[in-house]
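Trainee: I have a structure to go through. Can we take it step by step?

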Amino acid sequence: MAKYVIIIISMVLVNNYPLAQFLGICPFLGVSKDMDSARGMGIAVTFVMVLATAVTWPIQQFLDSKGIGYLQTVVFILVIAALVQLIEMFMKKNMVGLYKSLGVFLPLITTNCAVLGVCISNIDSGYNYPQSLFNAFGAGLGFLFAMIIMAGVRGKLVDQSRIPKSFQGVPIVLLTAAIMSLSFMGFGGMFS
Amino acid sequence: MEKKNKLAILANGLIKENPVLVLVLGTCPTLATSTSVVNGFGMGLSATAVLICSNIVISILRKIIPDSVRIPCYITVIAGFVTIVQLVVKAFAPALDKSLGLYLPLIVVNCIILGRAEMFANKNSVIDSALDGIGMGIGFTFTLVIMGSIRELIGAGTWCGIPVLSRVMPGMSIMTLVPGGFFVYAIVMAFVHYITEDKSKIKDSFGCDGCAIADECVDGSVRLCKRGGGIIYG
Amino acid sequence: MNKSKESFAAPVVVLSAICLVVSLALALTYKVANPIIIRNNEAVAVAARQQILPAADAFTMVEDFEPASSTDGKAAVKEVYAADNGSGYVMTVETTSFGGVLTMMVGVDGNGAVTGVKVTEHADTPGVGTKDMDPGYLVQYNGLTALTSPDNIKKETADLASGGTFAFISGASVSGQAIHSGVEAALSQYAAMGGAQ
């Protein structure tokens with residue numbers, strides 16, 4: 001059990017996807033304008049990450065057994081796209097409340113590199129099935145964590161803080177991310 | 001007239017619609033692979049190859065692909081080219097494959113490529129699409145090389161592996177690490193804002209042009225992308 | 001009716017056709033590229049082993065061996081290659097460092113002395129932990145038959161059994177310790193295997 005806890009903590013703090021690995025940067029910067037969207041996106045990504053890993057890991061075993069592991073990228077991205085579509089359709093029908101809060105984010109997730117990234121990195125690091133699932137869950141949690149911090153900081157950035165004209169918009173958010181990732185570097189080596 | 005038009009398409013990606021600095025697309029590979037000039041150039045070249053090929057193929061197939069399955073079709077074509085590039089890089093440039101690692105297969109979800117397929121290639125002729133791919137690819141590569149140069153020069157004191165600043169001072173390796181990536185990206189983008197000074201063109205939102213539903217999206221906030229039909233975001 | 005059937009069939013047919021063509025193209029590329037990739041990897045590995053144990057002519061992988069670990073349990077031997085002319089072994093060791101797994105190669109000659117240490121893969125901080133992977137630092141291991149202070153490299157120097165001192169790099173002790181444990185594991189592997197054959 002301790003092994004799984006370590007995987008999750010290391011994915012949230014040490015190997016945080018947006019802040020330490022450059023994965024999922026677009027939604028991290030784009031959807032962190034307000035707290036509600038940030039939380040919704042974070043939860044939706046976590047959900048899809050775990051589900052996508054649950055599906056793609058067995059598929060990779062099958063591909064490898066047939067000696068066609070090179071189809072990995074094609075198959076994974078198609079499976080993720082189909083999966084997201086299915087989740088959306090299912091939610092729309094059966095979970096209207098949840099669909100209203102998370103549904104809008106689902107279509108944006110297909111091309112989120114963090115989802116495909118976690119599926120491929122699970123295979124690359126040779127994790128077994130439960131380890132992969134925990135790894136995906138931890139990665140999602142780390143993403144949610146970073147999103148919420150960023151949304152909190154950006155809430156304070158808006159009007160009164162006199163940002164130089166050239167830095168308004170994207171650059172100041174990137175600078176914020178730089179300082180955040182600098183502080184996350186402090187978690188490095190926690191498990192050495 | 002005709003010729004100028006073609007030139008305009010090519011130049012479009014370089015400056016006016018620079019995918020990284022103006023459209024704010026493809027941020028993940030930009031940040032992750034601009035640690036050195038060679039890495040940035042390799043990534044830019046790989047993505048450009050995929051971009052040109054997929055633009056051409058999608059433009060050829062634009063009348064055949066039914067609207068309802070266009071995104072899965074584009075993704076399949078792009079993923080195919082990405083895997084081919086990946087195999088080629090693995091075979092002929094193993095060192096580059098090692099340093100790009102995970103980001104090589106992740107070209108699939110680089111929003112520049114899917115964005116150009118959706119925005120340009122499925123509406124324009126094959127030649128125009130190829131030119132657009134070349135222009136966008138050069139814009140992407142150029143930005144990566146600039147950022148790679150800054151980060152390598154300050155971070156390691158070298159340029160393309162040739163010692164430059166390291167003769168006089170040790171490198172500040174923070175620049176080649178994650179925070180340095182964010183920092184250099186911010187500075188370069190702010191500089192572009194400063195010299196263009198045309199605020200109407202500067203986006204305060206992210207990657208909306210690559211979004212399939214950009215027309216319906218009011219101010220770049222995802223909450224307003226109500227139709228939810230757009231998958232392009234990443 | 002007819003129309004809805006058509007509008008359902010066309011997307012499926014087109015998508016399947018595209019998938020098929022892409023798979024075929026990939027299979028073709030793979031057929032061409034894969035032998036080159038395998039050959040490249042093999043050549044790189046052979047060159048690295050040769051560099052670490054220059055006296056060897058060719059290498060054979062040792063199939064069954066009892067993997068040795070370092071005293072702190074952080075490092076374990078993963079692969080052992082024996083030189084065909086009996087000049088020694090090259091071992092691949094995995095050890096736990098600052099950023100996670102660190103993979104290194106250690107060469108040991110017929111007298112049980114280290115001939116070379118090389119870090120092949122790591123996830124440590126560039127500019128800090130990587131100081132410990134500098135050939136100029138690692139060359140200090142060459143010629144050692146035993147490590148005198150396996151678990152205390154926080155000091156700046158350590159006296160060597162063979163005389164002289166071993167200079168550690170301050171501020172990068174985790175990577176240095178990890179590499180130290182790796183070399184130690186390789187040396188105990190050598191002892192466990194009963195020297196070179």
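Trainee: How many cavities of 30 Å³ or more does a search of the whole structure find?

Mentor: Keep in mind that this is a predicted model. Rolling a probe the size of a water molecule over the atoms shows where empty space is left. With the cut-off at 30 Å³, the search of the whole structure gives 4 cavities.

Trainee: What is the volume of the second largest cavity, and which residues are closest to its centre?

Mentor: The second largest cavity comes to about 50 Å³. Its lining is made up of 10 residues. Both chain A and chain B are named among those closest to the centre: A:Cys113, B:Cys28, B:Pro29, B:Leu106 and B:Asn110.

Trainee: How do the lining residues of the second largest cavity divide by class?

Mentor: Cys and Pro count as nonpolar here. Charged residues are absent from this lining. The split is 7 nonpolar, 3 polar and no charged.

Trainee: Now the interfaces. What area is buried between chain B and chain A?

Mentor: The size of an interface is often given as the accessible area lost when the parts come together. Here 48 residues of chain B are in contact with 51 residues of chain A. Carbon and sulfur atoms give 77% of the buried area. The total is about 4400 Å².

Trainee: How many salt bridges and how many polar contacts link chain B and chain A?

Mentor: Salt bridges between chain B and chain A number 0. For polar contacts, both residues of a pair must be at pLDDT 80 or more. On that rule, the residue pairs in polar contact number 2.

Trainee: Which helix gives the largest share of the side of chain B that touches chain A?

Mentor: In chain B, helix H2 (27-33), helix H4 (70-92), helix H6 (111-121) and helix H8 (178-196) each supply at least two residues of that side. The largest share is 12 residues. They come from H8(B).

Trainee: How does that side of chain B divide by class?

Mentor: Charged residues do occur on the side of chain B that touches chain A. They number 5. The full split is 32 nonpolar, 11 polar and 5 charged.

Trainee: What area do chain A and chain C bury between them?

Mentor: Here 8 residues of chain A are in contact with 11 residues of chain C. Of the buried area, 78% is on carbon and sulfur atoms. The area is about 750 Å².

Trainee: How many salt bridges does the rule find across the interface of chain A and chain C?

Mentor: On the side of chain A that touches chain C, the residues are 5 nonpolar, 3 polar and no charged. A salt bridge needs Lys or Arg on one side and Asp or Glu on the other. The rule finds 0.

Notes
Residues numbered from 1 in each chain as written. Chains lettered and ligands numbered in written order. Predicted model: local features only at pLDDT ≥ 70, side-chain atom pairs only at ≥ 80, totals over all residues. Heavy atoms only, no water. Contact = heavy atoms within 4.5 Å. Buried area = accessible area lost by both parts, 1.4 Å probe. Salt bridge = Lys/Arg side-chain N within 4 Å of Asp/Glu carboxyl O. 1 Å grid on protein atoms, 1.4 Å probe; cavity = no way out; pocket = protein on both sides within 12 Å on 5 of 7 lines; lining within 4 Å. Points joined across faces, edges and corners; volume = space filled by probe spheres on them. Polar contact = N/O pair within 3.5 Å; in protein donor to acceptor, adjacent residues only side chain to side chain. Helix = DSSP H or I, 4+ residues; strand = E, 2+ residues; numbered from the N terminus.
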